[in-house]
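This report looks at how some charged side chains are placed and paired, and at how two helices meet. Please keep the sequence and the structure in view while reading.

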Amino acid sequence: MAYDEGLAERIRQYLDAAPGVTEKRMFGGIAFLYQGNMAVGVTGDDLMVRVGPDAADASLARPGTRLFDMTGRPMRGWVVVEGAAVTEDEALGAWIDEGRAFAASLPPK
């Protein structure tokens, strides 16, 4: 599955070579990891965000979101945000910040 390279590039620009951030191909797309833990990624035209189990319900109440489910087993603590919901840089940045904050709460890998 191809992924939206334009969205991936916007994420790269937002992160602007932040220390501890790496990229890795995952889930048929590209993932951005912070200290070895996935924070956000792009699959198809959508943004994947690792928000953690405690923030999942609140995240899913926001427009354009759904549970991350690629195999028929939803992954609690992960959401997918429709590409149309992150066309504005401010919205994209807020999701990236949430994903990076959760990844930062985990032990480095």
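## Glutamate 5 and its partners

In this predicted model, glutamate 5 has a relative accessibility of 38%, and because values between 20% and 50% fall between buried and exposed, glutamate 5 counts as partly exposed. Its side chain meets that of arginine 12 in a salt bridge, with an N to O distance of 2.6 Å. Arginine 12 is also partly exposed, at 21% relative accessibility.

Arginine 12 forms a salt bridge with glutamate 23 as well, and here the closest N and O atoms are 2.8 Å apart. This pair links distant parts of the chain, since arginine 12 lies in helix H1 and glutamate 23 in strand E1 (residues 21–26), 11 residues apart. Glutamate 23 is partly exposed, with a relative accessible area of 40%. Taken as a group, Glu5, Glu9, Arg12 and Glu23 are linked in a network of salt bridges, and the structure as a whole holds 8 salt bridges.

## Where helix H1 meets helix H3

At what angle do the axes of helix H1 and helix H3 cross? The axes of H1 (residues 5–15) and H3 (residues 89–104) come within 11 Å and cross at roughly 70 degrees, which means that H1 is roughly perpendicular to H3. The crossing in which H1 passes H3 is right-handed. On the H1 side the contact is made by Leu7, Arg10, Ile11, Tyr14 and Leu15, while H3 contributes Asp89, Leu92, Gly93, Ile96, Asp97 and Arg100.

Two of these residues also pair by charge: the side chains of aspartate 89 and arginine 10 meet in a salt bridge, at 3.0 Å from N to O. Aspartate 89 in H3 and arginine 10 in H1 are 79 residues apart, and so the pair links distant parts of the chain. The two partners can be described by their accessibility, for aspartate 89 is exposed, with a relative accessible area of 56%, whereas arginine 10 is partly exposed, with 23%.

## A buried arginine without a salt bridge

Side chains of opposite charge can pair when their charged atoms come close. Arginine 50, which lies in strand E4 (residues 46–50), is buried yet has no salt bridge. The nearest side chain of opposite charge belongs to aspartate 54, and it is 12 Å away, while a salt bridge requires the nitrogen and oxygen to be within 4 Å.

Which residues does arginine 50 touch, not counting those up to four places away in sequence? They are Asn37, Met38, Ala39, Gly77, Trp78, Glu98, Gly99, Phe102 and Leu106.

Notes:
Residues are numbered from 1 along each chain as its sequence is written. This is a predicted model: local features need pLDDT of at least 70, side-chain atom pairs count only at pLDDT 80 or more; totals for chains, interfaces and linings use all residues. Side-chain values use heavy atoms; hydrogens and water are left out. Helices (H or I, at least four residues) and strands (E, at least two) are DSSP runs, numbered from the N terminus. Buried means under 20% relative accessible area, exposed over 50%, partly exposed in between (1.4 Å probe, protein chains only). Lys and Arg count as positive and Asp and Glu as negative; His and the chain ends are not counted. Contact means heavy atoms within 4.5 Å. Axes are lines fitted to C-alpha atoms, for helices over the stretch in contact, and angles run from 0 to 180 degrees between N-to-C directions. Angles under 35 degrees count as roughly parallel, over 145 as roughly antiparallel, 65 to 115 as roughly perpendicular and the rest as oblique. A crossing is left-handed if the near helix is turned anticlockwise from the far one by less than a right angle, and right-handed if clockwise.
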